[in-house]
Amino acid sequence: MRLILFGPPGVGKGTQAKLLAKEFGILHISTGDLLRAAVADGTELGRRAVPIIEKGHLVPDDIMIGIVREILSSPKTSNGFILDGFPRTLDQAKELTKLFRELNISGYKVVNIKVDDNEVIRRLSNRLVCENDGRIFNVGMDGINKTSACPLCGGRLIQRRDDQEATILLRLKIYHSTTAPVFDYYEKNCAVVTVNGAASIDIVNKEILAALKDVHR
Ligand code: AMP
């Protein structure tokens, strides 16, 4: 199974990607997580990426394509993969198509998760991440508030710097101007399934699985 997960920031791509990766036994490739890991490790890539991520801008295409090329070329993806957060620009999408050709990767599907902007703003401004294990929580969910500890490991729950309101609005603007056209590109070029991301995690997951049933066989 080869999947590209598409949708605005905060739509739940990371959560759904983890579930789908488990379901199909495929590699979850989150470019945002890879960048944050590079930042945490203090690598050259991380140092370059920090100010870009914190301001809510996009990391340059050549860097992102290099990262994805390296992973897709590795045996870790032999069972399949789910791309989460890539491609985010038309150039990334076109380079990915070339890369798929070069690596003989075919039969991939695009899953588009949709929610409106107000819901994105509401979710991102309430999102907290466990500093220790990276799990995501929402204020108001299961009694979580801004001073709660991670209910699973006791780690500190923090707000991502790019989840502050001004940065959320900028990320949404960039999504509409730069990332949304990627969807039109895929609609013309391959199979796309669209699900409503406003439902619960479980329902969204079931809807995606049902929509993918044909590829599932
Ligand atoms: P995410 O966790 O997917 O929201 O990504 C966090 C941040 O990482 C984004 O706001 C961008 O700054 C950067 N990033 C992740 N994926 C990409 C990509 N495909 N192209 C450019 N920047 C990216």
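The exercises below, each followed by a worked solution, concern a predicted model of a protein with a bound ligand.

**Exercise 1. The surroundings of the ligand**

Describe which residues come nearest to the ligand, and find which helix gives the largest share of the shell around the ligand.

Solution. Begin with the list of neighbours: the ligand has 15 residues around it, and those that come nearest are Thr31, Arg36, His57, Gly85 and Gln92. Next, sort the shell by class, which gives 6 nonpolar, 5 polar and 4 charged residues. Finally, ask where in the chain the shell comes from: helix H2, residues 31–41, supplies 4 residues, the largest share.

**Exercise 2. Polar contacts of the ligand**

Find which residues place a polar atom within 3.5 Å of a nitrogen atom of the ligand, and say for each whether the backbone or the side chain is involved.

Solution. The cut-off for a polar contact is a pair of N or O atoms within 3.5 Å. Take the backbone first: a polar backbone atom of valine 59 is 3.1 Å from a nitrogen atom of the ligand, and a backbone N or O atom of glycine 85 lies 2.9 Å from a ligand nitrogen atom. Then turn to the side chains, where glutamine 92 has a polar atom 2.9 Å from a nitrogen atom of the ligand. As a last step, consider the surface: the ligand taken alone exposes 480 Å², of which the protein buries 95%.

**Exercise 3. Two packed helices**

Decide whether H2 and H4 are roughly parallel or roughly perpendicular to each other, and name the residues that make their contact.

Solution. Two packed helices are described by the angle between their axes and the distance between the axes. For H2 and helix H4 (residues 61–72), the angle is about 100° and the axes are 11 Å apart. Angles of 65 to 115 degrees count as roughly perpendicular, and H2 and H4 are therefore roughly perpendicular to each other. The contact is made by Thr31, Leu34 and Leu35 from H2, together with Met64, Ile67, Val68 and Ile71 from H4. By class, this contact of H2 with H4 has 6 nonpolar residues, 1 polar residue and no charged residues.

**Exercise 4. Backbone features in loops**

Locate proline 87 and asparagine 104 in the chain, and describe the backbone feature found at each.

Solution. Start with proline 87, which is placed in the loop between strand S3 (81–84) and H5; a cis peptide bond, with omega about 0°, joins phenylalanine 86 to proline 87. Continue to asparagine 104, which is placed in the loop between H5 and strand S4 (109–114). The phi angle of asparagine 104 is near 60°, a positive value in a residue other than glycine.

How values were computed: Residues are numbered from 1 along each chain as its sequence is written. This is a predicted model: local features need pLDDT of at least 70, side-chain atom pairs count only at pLDDT 80 or more; totals for chains, interfaces and linings use all residues. Side-chain values use heavy atoms; hydrogens and water are left out. A residue is near a molecule or strand if one of its heavy atoms lies within 4 Å of it. A polar contact is a pair of N or O atoms within 3.5 Å; within protein, one must be able to donate a hydrogen and the other to accept it, and residues adjacent in sequence count only if both atoms are side-chain atoms. Accessible areas come from the Shrake-Rupley method with a 1.4 Å probe; for residues, only the protein chains shown count as cover. Ala, Val, Leu, Ile, Met, Phe, Trp, Tyr, Cys and Pro count as nonpolar, Asp, Glu, Lys and Arg as charged, and the others, Gly among them, as polar. Axes are lines fitted to C-alpha atoms, for helices over the stretch in contact, and angles run from 0 to 180 degrees between N-to-C directions. Angles under 35 degrees count as roughly parallel, over 145 as roughly antiparallel, 65 to 115 as roughly perpendicular and the rest as oblique. Contact means heavy atoms within 4.5 Å.
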